[in-house]
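Please open the model in your viewer and keep the selection panel at hand. The tour below goes from stop to stop, saying at each one what to select and what is found there.

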Amino acid sequence: MNILLTGASGFIGRALTTALSAAGHLIKPVCRSEGVDFNQMLSVEHWLPLLEDVDAVVNCVGIIGEHGGQQFTVLHTQAPSALFRACAHAGVRRVLQISALGADETAFSAYHLSKRSADNCLRSLDLDWFVLRPSLIYGPGGKSADLFMRMATLPWIPVIGNGQQTLQPVHISDVVLTVMKSLTSPVAKQTLDIVGPDTVTFAEWLQTMRTARGLPRARMAHIPFWMAMAAAYVGRYFNPMLQPENLRMLQRGYRADFTPLVTFLGRHPQTASAALFFSQSLPARRAS
Ligand SMILES: NC(=O)c1ccc[n+]([C@@H]2O[C@H](COP(=O)([O-])OP(=O)(O)OC[C@H]3O[C@@H](n4cnc5c(N)ncnc54)[C@H](OP(=O)(O)O)[C@@H]3O)[C@@H](O)[C@H]2O)c1
């Protein structure tokens, strides 16, 4: 297949490029370093030239916090919606959207709401669409995974309040496998939550990461929510991930039933183990 892959230089995009190329697909990468800025791709006409000879589209562009000219409405909603409409126009039927767990009717953050708008646009089109909603993804090279690993190796692990916020982390290889299956699945028009098999607390997740590093369990530094929020208001100027709204999402906690994913993949998603934190262990299969 010829696959237009947006966000090809990112964490998910790089893992997909490796796996899809190994499986014999041809990747047309889209990101700013390839000369395509989503901020300039807001109409169907902008996208049509890029869709020539394309069999499928996977959209992996996203930001975790707004900064500079990078805004949720443009990057998560307007440019992807124009891309999806262009696919309908050009007859590129298979379109996969990497959304996020929580981009549903309960969404309250600008991050989730902007994702949900694009998801709904895709669902409204007569295409063989997939809306894939991963939870926190771990594996080498992920921005949030790297930040959490850095936090986990501190002598005292900082957590918000009691650290009991719920997570359902999923390994990058399960995200890759879900994308690969979505590209060829005979049953399309599906929304799938890509979640791991285990629900853990934030505190326990950081201890697990610590163990993966070969370090003993550490004590927790319990930061009151209000203090963490105050720190985030300052921290966001240094790291876009440190947004007050991201803390609210962490505090809210997200989990989902993983049985639809098991049915779709034909196997369970992977249980977190020390080795997986440093491995992509991607499936390598030839395209038919
Ligand atoms: N990682 C996770 O845990 C996780 C979990 C759930 C959902 N997701 C979603 O999955 C998607 C990808 O996540 P990721 O972890 O791979 O993110 P990432 O590593 O930050 O990659 C983001 C990608 O978006 C591209 N991009 C950013 N701004 C752009 C622009 N203006 N024009 C064109 N491309 C632009 C980046 O390329 P350049 O900077 O080179 O342009 C990069 O390729 C996001 O939508 C994210 O919300 C991720």
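**First stop: the ligand**

Select glycine 10 together with the ligand, and you will find a backbone N or O atom of this residue 2.9 Å from an oxygen atom of the ligand, a polar contact being a pair of N or O atoms within 3.5 Å, where within protein one must be able to donate a hydrogen and the other to accept it, and residues adjacent in sequence count only if both atoms are side-chain atoms. This is a predicted model, in which local features need pLDDT of at least 70 and side-chain atom pairs count only at pLDDT 80 or more, while totals for chains, interfaces and linings use all residues. Residues are numbered from 1 along each chain as its sequence is written, and side-chain values use heavy atoms, with hydrogens and water left out.

Add phenylalanine 11, whose backbone N or O atom lies 2.8 Å from an oxygen atom of the ligand, and then serine 9, which places an N or O atom of its side chain 2.7 Å from a ligand oxygen atom. On its own the ligand has 880 Å² of accessible area, and the protein covers 88% of it (by the Shrake-Rupley method with a 1.4 Å probe; for residues, only the protein chains shown count as cover).

Now widen the selection to the 29 residues that surround the ligand, of which Ser9, Arg32, Tyr111, Lys115 and Lys143 are the closest; a residue is included if one of its heavy atoms lies within 4 Å. By class, this shell has 15 nonpolar, 10 polar and four charged residues, where Ala, Val, Leu, Ile, Met, Phe, Trp, Tyr, Cys and Pro count as nonpolar, Asp, Glu, Lys and Arg as charged, and the others, Gly among them, as polar. Helix H1 (11-22), H4 and helix H5 (143-152) each give two or more residues to the shell, helices being DSSP runs of H or I with at least four residues, and strands runs of E with at least two, numbered from the N terminus.

**Second stop: H5 and H7**

Select H5 with helix H7 (residues 202-212), which pack at an angle of about 80° with their axes 8 Å apart; axes are lines fitted to C-alpha atoms, for helices over the stretch in contact, and angles run from 0 to 180 degrees between N-to-C directions. H5 is therefore roughly perpendicular to H7 (65 to 115 degrees). Among the residues in contact (heavy atoms within 4.5 Å) are Phe148 of H5 and Trp205 of H7.

Definitions and conventions:
Angles under 35 degrees count as roughly parallel, over 145 as roughly antiparallel, 65 to 115 as roughly perpendicular and the rest as oblique.
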